[in-house]
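Here are some notes on the model you sent round. They deal with aromatic rings, then with charges over rings, then with a small sheet.

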Amino acid sequence: MTQPDSPALPRRVIPLYAAETKVYPRSVTGRFANWRWLMVALTQLFFYGMPWLQWNGRQALLFDLEAGRFYVLGLLLYPQDFIYLAALLVLSALALFFFTAVAGRLWCGYSCPQTVYTEMFLWIERHTEGDRQARMRLDREPWSWPKMGRKCAKHGGWLALSLLTGFSFVAYFIPVRELAGQVMSLSLQAWPLFWVLFYAGATYGNAGFLREQMCKYICPYARFQSALIDADSLIISYDARRGEPRGARSRKQELAPQTSGAADCVDCTLCVQVCPTGIDIRNGLQNECIGCAACIDVCDQVMDKVGAPRGLIRYATENGITGQWSRKQMLARVLRPRVLLYGAALMALSLAFVFSVYQRDALLINVIKDRQVMARQVGEGEIENIYRLQLINRTERPLQLRLRADGLPGLQLLTQGAESISVAPSSIGTLPVQLRLPPNAGLASGAHPVQIEAQELGGGAKTFTAKAVFFVPR
Ligand code: SF4
Ligand code: SF4
């Protein structure tokens, strides 16, 4: 309640929103930068190259959504095989748990598309606008023709790469040669055009502008990765015992680094300047750290220059840094129960996955019972049930099949006409069939389990089986 005679308090507005500061990562070379570029090369060779790879006269990797066929090298999958996709997702999650427990955000630092595309976009940026200082200067400068030229060159490069990425992405869903033909003849249809532009726009926005904000604010992995690591996970660590108190070195200390007693961090801030997320690793492990190891590379170079041992910033465990353990001692703790558990689960599931894909039947039979007629009496008192069979040919060769039923004495399977039926390659055939039981079968009323068998004729002569239920009326 307002007190009329109380003195008016000055109003102070505390802003809850802070504008994002643009990060200008400095270029870096070194061991880990080489690993990152190797991963960029491998992942992009796969991504851009895979649609062009042919297998059995068709695209090796194609997710034909319209036809409901997914081709993965020699494997043909249908929407009914969704279980394999689910298994792959579970395997990927387990692999992420495993690698995070061993060595933190390896995925983020080296293979995540966000990191890989940001790396490529930064490469274009450096070659058009220059390194960190030049880019900062350019952004401060007023607009001029040279500035406009550099900006246009950068955005032109980004757009070209984004469009190539959008095209390659859509080529996993529409045969690449057909898509390329449409692009060349400027006759790309509306939906493919939309998806190429959509994916290109997402690449342009994410790798060109959002960059580290995607890792800091949007990606859920950054939030829960701290639950996956423990004090024995290898993470990018700053060795504060060696580095502090930080500060520039005198010329005398530089000439006799081992005896000067000065701490190793010369506070050059290069580790902050190369950081793609703009953090200072000397403040300890932070959610924003994507584990790219750029700070290790640059700090090692600084250590070389000042004559101190490398590794002031290094891959180390929290226990290792606290206890000043040797690398061998730290690695000995990597195989701890959590890692063994994730590793065993990953191995077991991978083997089960490979085995089930290898053992997968060439034919899948779905038995659909006629809902109009549960069971009826026909002819001289035979009991008849009606079904529709869906025969899914999971191969790229025709299947010639002979059908029969089993499970009850005297049970007969009737098709309308042909002795055997043929299912075309990579296709689904449907066939109405009747199962008939002789009048003197003497079965109790109710549901009885039966099997429908399809024997492949010729070649492997394999038999495929599906379960069904036969109803006997009262
Ligand atoms: S790069 Fe190394 S020496 Fe330079 S500030 Fe970072 S930790 Fe200190
Ligand atoms: S702190 Fe180091 S490892 Fe982490 S994101 Fe920055 S540069 Fe990469």
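1. Rings of Phe, Tyr and Trp (for Trp, the six-membered ring) count as a pair if their centres lie within 6.5 Å. By this rule the structure, which is a predicted model, holds 19 aromatic pairs.

2. One of these pairs joins phenylalanine 194 and tryptophan 195. Their ring centres are 5.0 Å apart, and the planes make an angle of 75 degrees. Planes over 60 degrees apart count as edge-to-face, so the pair of phenylalanine 194 and tryptophan 195 is classed as edge-to-face.

3. Are the two residues of this pair buried or exposed? Neither term fits, because phenylalanine 194 has a relative accessible area of 40% and tryptophan 195 has a relative accessibility of 40%. Partly exposed lies between 20% and 50%, so phenylalanine 194 and tryptophan 195 both count as partly exposed.

4. Aromatic residues also form a cluster: Phe63, Phe70, Phe169, Phe173 and Tyr199 belong to it.

5. Two lysines lie over aromatic faces. Lysine 147 is placed over the face of tryptophan 143, 4.6 Å from the ring centre. Lysine 369 is placed over the face of tyrosine 387, 5.1 Å from the ring centre.

6. Three strands make an open, antiparallel sheet in the order S3-S4-S5. Strands S3 (61-64) and S5 (75-77) are its edges, since each pairs on one side only. On average, neighbouring strands of the sheet are turned by 15 degrees against each other, direction ignored.

7. Within the sheet, strand S4 (residues 69-72) pairs with S5 over three bridges, in the antiparallel sense. Valine 72 has leucine 75 in S5 as its bridge partner.

Conventions. Residues are numbered from 1 along each chain as its sequence is written. Chains are lettered from A and ligands numbered from 1 in the order in which they are written. This is a predicted model: local features need pLDDT of at least 70, side-chain atom pairs count only at pLDDT 80 or more; totals for chains, interfaces and linings use all residues. Side-chain values use heavy atoms; hydrogens and water are left out. Two strands pair if DSSP finds at least two bridges between them. Helices (H or I, at least four residues) and strands (E, at least two) are DSSP runs, numbered from the N terminus. Axes are lines fitted to C-alpha atoms, for helices over the stretch in contact, and angles run from 0 to 180 degrees between N-to-C directions. Rings of Phe, Tyr and Trp (its six-membered ring) pair if their centres lie within 6.5 Å; planes under 30 degrees apart count as stacked, over 60 as edge-to-face and the rest as tilted. Buried means under 20% relative accessible area, exposed over 50%, partly exposed in between (1.4 Å probe, protein chains only). A charge sits over a ring if NZ of Lys or CZ of Arg is within 6 Å of the ring centre and within 35 degrees of the ring normal.
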